[in-house]
Number of protein chains: 2
Amino acid sequence: MKKHVLIIGAGGVANVVAHKCAQNNDVLGDIHVASRTLGKCEAIVASVVRKTALKTAGKLQAHALDATDLEATKALIERTGARIVINVGSAFLNMSVLSACIATGAAYIDTAIHEDPLKICETPPWYANYEWKRREECRQRKVTAILGAGFDPGVVNAYARLAFDEYFDRVDSIDIIDINAGCHGRYFATNFDPEINFREFTGQVWSWQDRRWVSNKMFEVGREWDLPVVGRQKAYLTGHDEVHSLSQILKVPNVRFWMGFGDHYINVFTVLKNLGLLSEQPIKTAEGVEVVPLKVVKAVLPDPSSLAPSYTGLTCIGDLIKGVKDGRECEVFIYNLADHREAFEDVGSQGISYTAGVPAAAAAMLIARGDWDVGEMTHVEELPPLPFLQLLDRMGLPSRIRQGKIDQELLDARSERLLTE
Amino acid sequence: MKKHVLIIGAGGVANVVAHKCAQNNDVLGDIHVASRTLGKCEAIVASVVRKTALKTAGKLQAHALDATDLEATKALIERTGARIVINVGSAFLNMSVLSACIATGAAYIDTAIHEDPLKICETPPWYANYEWKRREECRQRKVTAILGAGFDPGVVNAYARLAFDEYFDRVDSIDIIDINAGCHGRYFATNFDPEINFREFTGQVWSWQDRRWVSNKMFEVGREWDLPVVGRQKAYLTGHDEVHSLSQILKVPNVRFWMGFGDHYINVFTVLKNLGLLSEQPIKTAEGVEVVPLKVVKAVLPDPSSLAPSYTGLTCIGDLIKGVKDGRECEVFIYNLADHREAFEDVGSQGISYTAGVPAAAAAMLIARGDWDVGEMTHVEELPPLPFLQLLDRMGLPSRIRQGKIDQELLDARSERLLTE
């Protein structure tokens, strides 16, 4: 049984994690929030206090921490007595925070793969470039490190594992579909840091097809999907973390990730990219001011957190899984629908942050309860999915399942609550 | 008879004017080029020398001049002995350069209306805000000041006057249509300074309809025109200088200006404008760099002069004039077709600069010859059009005319060279 949580990061996802940990502090114990900017951590603490989110009286503290400083991170883990570290800071911090956990024996959770700021879309499988190099060390030190425990990666990996175990004798393909059918009411905005957002789409797209890595350009391969409640939605083949673990661990021949983009998003992105305004290389104006164009674009775009109060509509994220069961071809779609407004009412963040943060808090609870405290580096698809999905259902992210194929409308009518009733 | 020319400005249009004056220095005498940046004037001189453009041996000199400095401008006019000043510098300089001409008795020519840097799209008629306030003074001092002697305004004003005199008993409408059907081969570029280019389209659009000023938004009113050679082209009601003189001087009930824009230009413009990237107000990046977004956009866009060597295709600019002749309704379209590649071969600039610069040099020759040395402030539509159009035909901008109406293809076949044969 591990207790006491250190949350690293102070953005929208960290805010959600802090609220959800507070709502479950009878299980998790003390809660600490640490990031480079103390004020942002204090704002999260204040938000939790304002919502009176703490389930029982307990410790909730903000800390200033440069998480690239290994010694400082180790010291904070030891000083706070945290046995679980939830890393929802920048994607550039993972290896440093993981090292601190290995050194102190604390469990490690993150929601996104490690990135080198100077590289994009490296050689697949991505996890082999950084995380898996530490796998043996975790095993020897019996350190639990759950990689990619947000929604995607995270919950979608659990969906894949559930289908693999319960619904199929043979799985042929996993298509993860991520649709934000919400509306923020602005001309254009990104749902998280524009710099990180655009960075995801400027390189090549890796997918796993016929047991091989295939490279495409962004927005090169698009498909319209007919989904429950949100209806017909166009999504594009996109590179994403979970493709790089599911393909290797579940040995499925096809794993693809599809992200929904409206024509308007693609148009704005294309104009900015082609003009050179998404470049990370500094330019000089005629007046001699040196500036990175992408940072100017970031400065004129709305602050993503400012979108939350008026965000309406749903996200729909799920796995469309095809294969064979009892000799017959079949398919299931396992998914979640999250409502931006409900997310804001629950924790003060919009749905994109909510779907990423709630699962990380759930994973922490499963470590605290022992279910997932496996003493090694692991991906969500290697862990028992049911305790996770049952917990998420209670914490605000219920799973649904649609079985069958082809006749979508009929199937929609048969959609039912999974797991809990 | 006036002689010796001082060209103020050192951009693409100034380069064309310098080449054309050099090609006619037997009439014009000494040629001087002055702007704030001496190096740019020297580059123009070098370009003229490289093309051996001087018709006869003669003086060709570069000068540094801040043309907002009245005394310095007067002194340079006197020192060079220039009796004709061609102002093709920034639109913010007109009133200062005109003052220097009035003081020294030199003739004044410009190609675009005066602008206040802090204002856009002021109260119509625009000329009444600045230029016409000096009209009486020019008359008293017998100073020739020809306003708007580029292509549009300029040649299109002469076309209107020609139609008014020769083709109609009554003119009902003048629609000036400006199409650049050329191709620069870049994703996006403006044909002149992006800052000035975008500035033209961010305010309201004034047109003269039914003898009244009408205000529209940019890109609000569009129409497809079927034009000789360049074919069907979409153009939008746009504010432009000549509407503000033709409507008042020729007393025509309808004067409108239409500028051609492809959907691609409009899309890029709309994205940039809506994101706030065309703003002239400084913003601050997350790193604390203060910068004007429009100047960053300018810095990432191609330098307009860099487009010239590979620019292909034609511009088509003309007046579609409707009215009554001998009791019958009729229409004529008087126009020029300019070839970007031919312009580059002639003077090293692209067609947009060429069509603006050649007429200004022609106007200088008409002053030198006496035809247009009228000793007062005047617009091109107040001057005899034939000597101007005949000279332009010889200098690289031949005029054509299409008479009749409705059956465009038949009419295209009947198009013929105007005036010269």
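Visitor: What turn and shift lay chain A on chain B, and with what RMSD?

Guide: A turn of 179° with a shift of 0.0 Å along the axis lays chain A on chain B with an RMSD of 0.1 Å. Because of this turn and shift, the relation is that of a two-fold axis. The superposition is by least squares on the C-alpha atoms of residues with pLDDT of at least 70 in both copies. Both copies use the same surface, since 100% of the contact residues of chain A recur in chain B; contact means heavy atoms within 4.5 Å.

Visitor: On what kind of model do these statements rest?

Guide: This is a predicted model, in which local features need pLDDT of at least 70 and side-chain atom pairs count only at pLDDT 80 or more, while totals for chains, interfaces and linings use all residues. Residues are numbered from 1 along each chain as its sequence is written, chains are lettered from A and ligands numbered from 1 in the order in which they are written, and side-chain values use heavy atoms, with hydrogens and water left out.

Visitor: Why is B:His32 called buried or exposed?

Guide: Buried means under 20% relative accessible area, exposed over 50%, and partly exposed in between (1.4 Å probe, protein chains only). B:His32 has 2% relative accessibility and therefore counts as buried. The residue belongs to strand 2 (residues 31-35) of chain B. Helices (H or I, at least four residues) and strands (E, at least two) are DSSP runs, numbered from the N terminus. Not counting residues up to four places away in sequence, B:His32 touches B:Val5, B:Leu6, B:Ile7, B:Lys59, B:Gln61, B:His63 and B:Thr80.

Visitor: What makes B:Asn15 buried or exposed?

Guide: Its relative accessible area is 10%, so B:Asn15 is buried. B:Asn15 sits in helix 1 (residues 12-23) of chain B. Leaving aside neighbours within four places in sequence, its contacts are B:Ile44, B:Ser47, B:Val347, B:Gly348 and B:Ser349.

Visitor: How do you know whether A:Arg211 and B:Asp326 are buried or exposed?

Guide: A:Arg211 counts as exposed because its relative accessibility is 52%. B:Asp326, at 63%, therefore counts as exposed as well. A:Arg211 has a positive phi of about 60° although it is not a glycine, and it lies in the loop between strand 8 (204-209) and strand 9 (212-217) of chain A. B:Asp326, also not a glycine, has a positive phi near 50°; its place is the loop between strand 15 (314-325) and strand 16 (328-339) of chain B.

Visitor: Why is B:Ile196 called partly exposed?

Guide: Its relative accessible area is 30%, so B:Ile196 is partly exposed. This residue is found in helix 8 (residues 194-199) of chain B.

Visitor: Which peptide bonds are cis, and what omega does each have?

Guide: The bond from A:Pro124 to A:Pro125 is cis, with omega near -10°, and the bond from B:Asp152 to B:Pro153 is cis, with omega near 10°. A:Pro125 lies in the loop between strand 5 (107-110) and helix 6 (135-141) of chain A. B:Pro153 is placed in the loop between strand 6 (145-147) and helix 7 (155-166) of chain B.
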